[in-house]
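Welcome! Here is a short briefing to read alongside the structure, so keep the view open as you go.

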Amino acid sequence: MALGSSLFREVSDSIGKKEIQKQSAGIYTITFLSLIFGVLFLVITAILRGVFYFSFESIPTLAIRIVIEIVLYCITMSALAKADRSIFGFVRTLTIPLLLATDLIMGYTIGLIQIIGIIIIVFAIAFVGFSKNFNKKGLGLLLVSAVLPVATISIYKYNISHFNSVEAEQIIVSLFLLTFFFIMAIVKDKENPLKFILKPIFFLQAAASGFCAVFESFAYQFASPSVVIAILRGGAVLFSTLSGDIYFKEKRPLLKFLVAVCIIIGLLFLI
């Protein structure tokens, strides 16, 4: 589920980045389209499974998560528009060492193999950050987008473990996000996002993002957050490196591929 989610995410993000670069659509419109099918698929899943459980006790943590998610999406989509696809995938793996620290606090154990994996990942990303061979555009935004998921994922895992079903949690959060980005698209981008869905390229982008959201949501039910995010980020590194080379024609593909291999090896150590 996590690996499939990474593939669909790459398809959606690559289309979104290309269309933003072409100025075919604004960032808020692309973000809205990235969310809409995820909500629809989750609603269908909830109906088919007959599962939609929401606890009012989750409102405090849910509200915090919604606010952080809005900030995270704004920063991540801005980074998506500015940064190279491969660099985007590399830097966001920093989420994993931070999640492992959170897991440790919550009672999970971290062994020597996992520590080695963290070291490999940190050194690989440090090489990207300090080397002159990589485009640093959007690096600051990427670093923030790697830190914030630690909070959102931890809250999500807590809520579905103690209060809400996956469908209830994700549908409620997504509806708030959809509302926010729909308003921002109209006010800031001067666009009606709903009209873009009728265009094939934007329909594909939205559908791919929808499948990604569903696969990722359920993946967290079967493993600890650090393991799921490791697979998600590993897939993201692989697929973003490939799309950066093939689709966006980025420079120094061989060097980026070697960095990607190092990061994926580090992720395998973590798993």
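Aspartate 103 lies in helix H5. This is a predicted model, and in it aspartate 103 counts as buried because its relative accessibility is 3%, while the cut-off for buried is under 20%. From here we can move on to helix H6, whose buried residues pack against H5 among other helices.

**Around aspartate 103**
- Try finding proline 225 as well: 122 residues separate it from aspartate 103 along the chain, yet the C-alpha atoms of the two are 7.9 Å apart.

**The length of helix H6**
- Helix H6 covers residues 112-130, which makes 19 residues.
- At 1.5 Å a residue, H6 should span 27 Å, and its end C-alpha atoms are indeed 27 Å apart, so the two values agree.

**The buried face of H6**
- Gln114, Gly117, Ile118, Ile121, Ala124, Ile125 and Val128 are the buried residues of H6.
- If you look down the axis of H6, these buried residues fall within an arc of 135°, so they line one face of the helix.
- Their packing partners are helix H4 (85-91), helix H5 (95-105) and helix H12 (253-270).

**The other side of H6**
- Leu112, Phe123 and Phe130 are exposed on the other side of H6.
- Phenylalanine 123, found in helix H6, counts as exposed because its relative accessibility is 61%, and the cut-off for exposed is over 50%.
- Phe123 also helps make a nonpolar surface patch of about 590 Å², together with Leu112, Ile113, Ile115, Ile116 and Ile119.

Technical notes: Residues numbered from 1 in each chain as written. Predicted model: local features only at pLDDT ≥ 70, side-chain atom pairs only at ≥ 80, totals over all residues. Heavy atoms only, no water. Helix = DSSP H or I, 4+ residues; strand = E, 2+ residues; numbered from the N terminus. Expected span 1.5 Å × (residues − 1). Buried < 20%, exposed > 50% of the residue type's maximum accessible area, 1.4 Å probe, protein only. Arc of directions from axis to C-beta. Contact = heavy atoms within 4.5 Å. Patch = residues over 30% accessible without salt bridge, like charges linked within 9 Å, V, L, I, M, F, W, Y side chains within 5 Å. Areas by Shrake-Rupley, 256 points an atom, 1.4 Å probe, with all protein chains shown as cover. Salt bridge = Lys/Arg side-chain N within 4 Å of Asp/Glu carboxyl O.
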